[in-house]
Amino acid sequence: MGTLGNITHVIFDLDGLILNTEVLYDVAIQKILDRFDKTYTYDLKMKVMGMKYHKAMELIQKELDIPISPDDLVTESMNNLKELFMKCGTLPGAEKLIRHLGKHNIPMCIATGSSSADYQLKTHSHKDLISLMEFAVRSDDPEVKFGKPNPDIFLLAMSRFKSPPVSSKNCLVLEDAPNGIKAALAAEMMCVMVPDPRLQAIPPAHLVLKSLEEFSPTSFGLPPF
């Protein structure tokens, strides 16, 4: 038994946790908002982070009251993002942790708010690393009825492991977004948050780190580095 739990399965978020993509969304969305003299503020970003993408664009359109439809926001921003996604790198500590857990045959998966098409673009340059995951659940999966902060995506991920955990409490979720942590808690899973350093209202994750480089597997009953 580790200090914080007896973890047998690990679920990773993708954006802002494994891959350094969150800043790319900022650039792509702000490029559109510049036409309307609006700003994609940090507070607004925190509201939409982790949501299904179309739902996020609906909220941005409503909050900023801009004369563009959510559908057009999705289309324009994704066109801006396509080339950027192909060049995104991994975040500190992510690759080391994934390869370590893979070496010890710890079941892992990804549960992401990204669509399948976006997921393919983002992971294109990281196929070797991503291959260590059993599978990935994306936001457009027909069995994901509601996106984060609802628990659907994590509960679905737990059910899809080849050898599912005994309990949701044996699952560890690694997240960077408040909505992701809320979803993990709603799923009654253990959760570690690696938030943006600007975030002030930290949800009650079981552990908060500055970087995955600080993560100690033994704290959750996992094999040591």
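## A tour of pockets, cavities and packed helices

About 190 Å³ of space lies in the second largest pocket, and this is the place to begin in what is a predicted model. Select Y42, D43, M46, K47, P178, N179, K182, R198, L199, Q200 and A201, the residues that line the second largest pocket. Colour the lining by element: α2 and α9 (178–186) are the elements that give two or more residues to it. The largest share, 4 residues, comes from α2. Now colour the lining of the second largest pocket by class, and the count is 5 nonpolar, 2 polar and 4 charged residues.

**The largest pocket**

Next, select G16, L91, V194, P195 and D196. Of the 18 residues that line the largest pocket, these are the closest to its centre. The volume of the largest pocket is about 310 Å³. Its lining is made up of 9 nonpolar, 3 polar and 6 charged residues.

**The cavities**

Leave the pockets and turn to the enclosed spaces. How many cavities of 30 Å³ or more does the structure hold? There are 2.

For the largest cavity, select E22, Y25, M49, G50 and M51, which are the closest to its centre of the 26 residues that line it. The space in the largest cavity comes to about 270 Å³. Show α1, α2 (42–48), α3 and α6 (116–123) as ribbons, as each of them supplies at least two residues of this lining. Which helix gives the largest share of the lining of the largest cavity? That is α3, with 4 residues. By class, the lining of the largest cavity holds 11 nonpolar, 5 polar and 10 charged residues.

For the second largest cavity, select G50, M51, K52, T112, G113, S139, V144, G147, K148 and I153, which line it. The volume here is about 40 Å³. The lining of the second largest cavity splits into 3 nonpolar, 5 polar and 2 charged residues. G50 and M51 belong to this lining, and G50 and M51 are also among the residues closest to the centre of the largest cavity.

**A cis peptide bond**

Stay at K148, one of the residues lining the second largest cavity, and step along the backbone to P149. The peptide bond from K148 to P149 is cis, with omega near 20°. P149 sits in the loop between β3 (136–137) and α8 (152–160).

**α1 and its neighbours**

Now select helix α1, residues 22–33, together with helix α3, residues 53–64. Their axes come within 13 Å and cross at roughly 40°. α1 and α3 are therefore oblique to each other, and their crossing is right-handed. To see the contact, show side chains for Y25, I29 and L33 of α1 and for Y53, M57, I60 and L64 of α3. The residues of this contact comprise 7 nonpolar, no polar and no charged.

Keep α1 and swap α3 for helix α4, residues 70–85. The axes of α1 and α4 come within 9 Å and cross at roughly 135°. Are α1 and α4 parallel or oblique to each other? They are oblique. The crossing of α1 and α4 is right-handed. On the α1 side, the contact is made by L24, Y25, A28, I29, K31 and I32. On the α4 side, select L73, E76, S77, N80, L81, L84 and F85. The contact of α1 with α4 counts 9 nonpolar, 2 polar and 2 charged residues.

Y25 is worth a label: this residue of α1 takes part in the contact with α3, in the contact with α4, and in the group closest to the centre of the largest cavity.

**From α4 to α6**

With α4 still selected, add α6. The two pack at an angle of about 30°, with their axes 8 Å apart. Which way do they lie? Angles under 35 degrees count as roughly parallel, and α4 and α6 are therefore roughly parallel to each other. M78, K82 and F85 in α4 meet D118, L121 and K122 in α6. This contact of α4 with α6 has 3 nonpolar, no polar and 3 charged residues. F85 is listed in the contact of α4 with α1 and in that with α6.

**Last stop: D37**

Go finally to the loop between α1 and α2 and select D37 there. D37 has a positive phi of about 55°, although it is not a glycine.

Technical notes: Residues are numbered from 1 along each chain as its sequence is written. This is a predicted model: local features need pLDDT of at least 70, side-chain atom pairs count only at pLDDT 80 or more; totals for chains, interfaces and linings use all residues. Side-chain values use heavy atoms; hydrogens and water are left out. Axes are lines fitted to C-alpha atoms, for helices over the stretch in contact, and angles run from 0 to 180 degrees between N-to-C directions. Angles under 35 degrees count as roughly parallel, over 145 as roughly antiparallel, 65 to 115 as roughly perpendicular and the rest as oblique. A crossing is left-handed if the near helix is turned anticlockwise from the far one by less than a right angle, and right-handed if clockwise. Contact means heavy atoms within 4.5 Å. Ala, Val, Leu, Ile, Met, Phe, Trp, Tyr, Cys and Pro count as nonpolar, Asp, Glu, Lys and Arg as charged, and the others, Gly among them, as polar. On a 1 Å grid over the protein atoms alone, a cavity is a set of points where a 1.4 Å probe fits but cannot get out, and a pocket is an open set with protein on both sides within 12 Å along at least five of seven lines; lining residues have an atom within 4 Å of a point. Grid points are joined across faces, edges and corners, and a volume is the space filled by probe spheres set on the points.
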